[in-house]
Amino acid sequence: MMAPIRIMYKTILLILLLIIGAILALLFLRNTMPTHGPAATMTRLWHRTSLRILGIKVHMHGDRQDGNVLFVPNHISWLDISILGALIPTHFLSKAEILYWPVIGMLASRTGTLYIKRGSKNASAESNEVMQHALEQQHNIVLFAEGTTTDGSMRKFHGRLMQSAIDAEGLIQPVALFYPDESGHAINRKVLYIDEMHFLKSVFTILAAPSIPAEAHFLEPIEAQGKSRDELARYCHDSIYKIIKRERVN
């Protein structure tokens, strides 16, 4: 299939999926994401369908934990959200600006996204409190501890918001995300969403691709209680880095 036709075909399907998602969210979802039940099943199915339309083929490695778990992945692309959303019934922590995005903001809120008001004096404390409450309800949360997307080289992981898992006596599980190119070792640059790249340019680059492989490695979880935020952040960073480095050199 030629790229322009492929883009048009996938775009139509994604628009239909957004419409269906909006209707279902308004009817059935109520701003929460328990680890079991119709809401979790519906949301994961929506993410899986979006990945299928986009041609993202995910290979999962390791065993994911469930309930009262703070998942801490590296962050490469906006695709990370759909991949993790397809694999885990979870809340995501996002910048508050997402609230005002047409359709996407409503979908995010209805599926239980938690928001952080960047720049606010009490942003970390408020977010930790909300996250702790969700974890204590035996829900899961995904925290992108780098704070932004990267080209796969990985930045420092910030531990401030890992306090929520400590206070909730939860587990922290690192998740290594990787998008291999044709060689299987270097990162596929088509998925990158970095620097000043326009979101629509990234979307159309991915739409034009016949298929894109992705890997999600669920690594050894660690008890948060009794450890410092910095210890937890270093553990997650180093665990993920080993996988990413291995993928690059083997």
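**Exercise 1. Helix H2 and the residue after it**

Which residue just after H2 takes a positive phi? Determine also the span of H2 and what covers its buried residues.

*Solution.* The model is a predicted one.
Step 1. Helix H2 covers residues 38-54, which is 17 residues. From its first C-alpha to its last it reaches 24 Å, close to the 24 Å expected at 1.5 Å a residue.
Step 2. Immediately after H2 comes Gly55, with a positive phi of about 85°.
Step 3. The buried residues of H2 are Ala39, Ala40, Thr43, Arg44, His47, Ser50, Leu51, Ile53 and Leu54. Their cover includes helix H1 (3-28), strand E1 (56-61), helix H3 (79-87) and helix H7 (199-208).

**Exercise 2. Two buried residues**

Decide whether Phe178 and Ser127 are buried or exposed, and place each in its element.

*Solution.*
Step 1. Phe178 belongs to strand E6 (residues 171-178). Its relative accessibility is 1%, and buried means under 20%, so Phe178 counts as buried.
Step 2. Phe178 and Glu215 are 37 residues apart in sequence, yet 5.1 Å separates them in space, C-alpha to C-alpha.
Step 3. Ser127 lies in helix H5 (residues 123-136). Because its relative accessibility is 3%, Ser127 also counts as buried. Leaving aside residues up to four places away in sequence, Ser127 touches Tyr115, Ile116 and Leu161.

**Exercise 3. A nonpolar surface patch**

Identify the residues of the nonpolar surface patch and classify Ile23 by its accessibility.

*Solution.*
Step 1. The patch, of about 900 Å², is made by Met8, Ile12, Ile15, Leu16, Ile19, Ile20, Ile23, Leu27 and Phe28.
Step 2. Ile23 is located in helix H1. With 47% relative accessibility, Ile23 counts as partly exposed.

**Exercise 4. Aromatic pairs**

How many aromatic pairs are there? Describe the geometry of the pair Phe71 and Phe218, then that of Trp78 and Phe199.

*Solution.*
Step 1. The count comes to 4 aromatic pairs.
Step 2. Phe71 and Phe218 form an edge-to-face pair, 6.0 Å centre to centre with 90° between the planes. Phe71 lies in strand E2 (residues 69-73) and Phe218 in strand E7 (residues 212-218), so the pair ties together parts 147 residues apart in sequence. Phe71 is buried at 0% relative accessibility, and Phe218 is buried at 5%.
Step 3. Trp78 and Phe199 are likewise edge-to-face, at 5.5 Å centre to centre and 65° between the planes. This pair links Trp78, in the loop between E2 and H3, with Phe199 in helix H7, 121 residues apart. Trp78 counts as buried at 18% relative accessibility, whereas Phe199 counts as partly exposed at 31%.
Step 4. Trp78, Trp101, Tyr193 and Phe199 form one aromatic cluster.

Methods:
Residues are numbered from 1 along each chain as its sequence is written. This is a predicted model: local features need pLDDT of at least 70, side-chain atom pairs count only at pLDDT 80 or more; totals for chains, interfaces and linings use all residues. Side-chain values use heavy atoms; hydrogens and water are left out. Helices (H or I, at least four residues) and strands (E, at least two) are DSSP runs, numbered from the N terminus. The expected span of a helix is 1.5 Å times one less than its number of residues. Buried means under 20% relative accessible area, exposed over 50%, partly exposed in between (1.4 Å probe, protein chains only). Contact means heavy atoms within 4.5 Å. Patches are made of residues with over 30% relative accessible area and no salt bridge: like charges are joined within 9 Å, nonpolar side chains (Val, Leu, Ile, Met, Phe, Trp, Tyr) within 5 Å. Accessible areas come from the Shrake-Rupley method with a 1.4 Å probe; for residues, only the protein chains shown count as cover. A salt bridge is a side-chain nitrogen of Lys or Arg within 4 Å of a carboxyl oxygen of Asp or Glu. Rings of Phe, Tyr and Trp (its six-membered ring) pair if their centres lie within 6.5 Å; planes under 30 degrees apart count as stacked, over 60 as edge-to-face and the rest as tilted.
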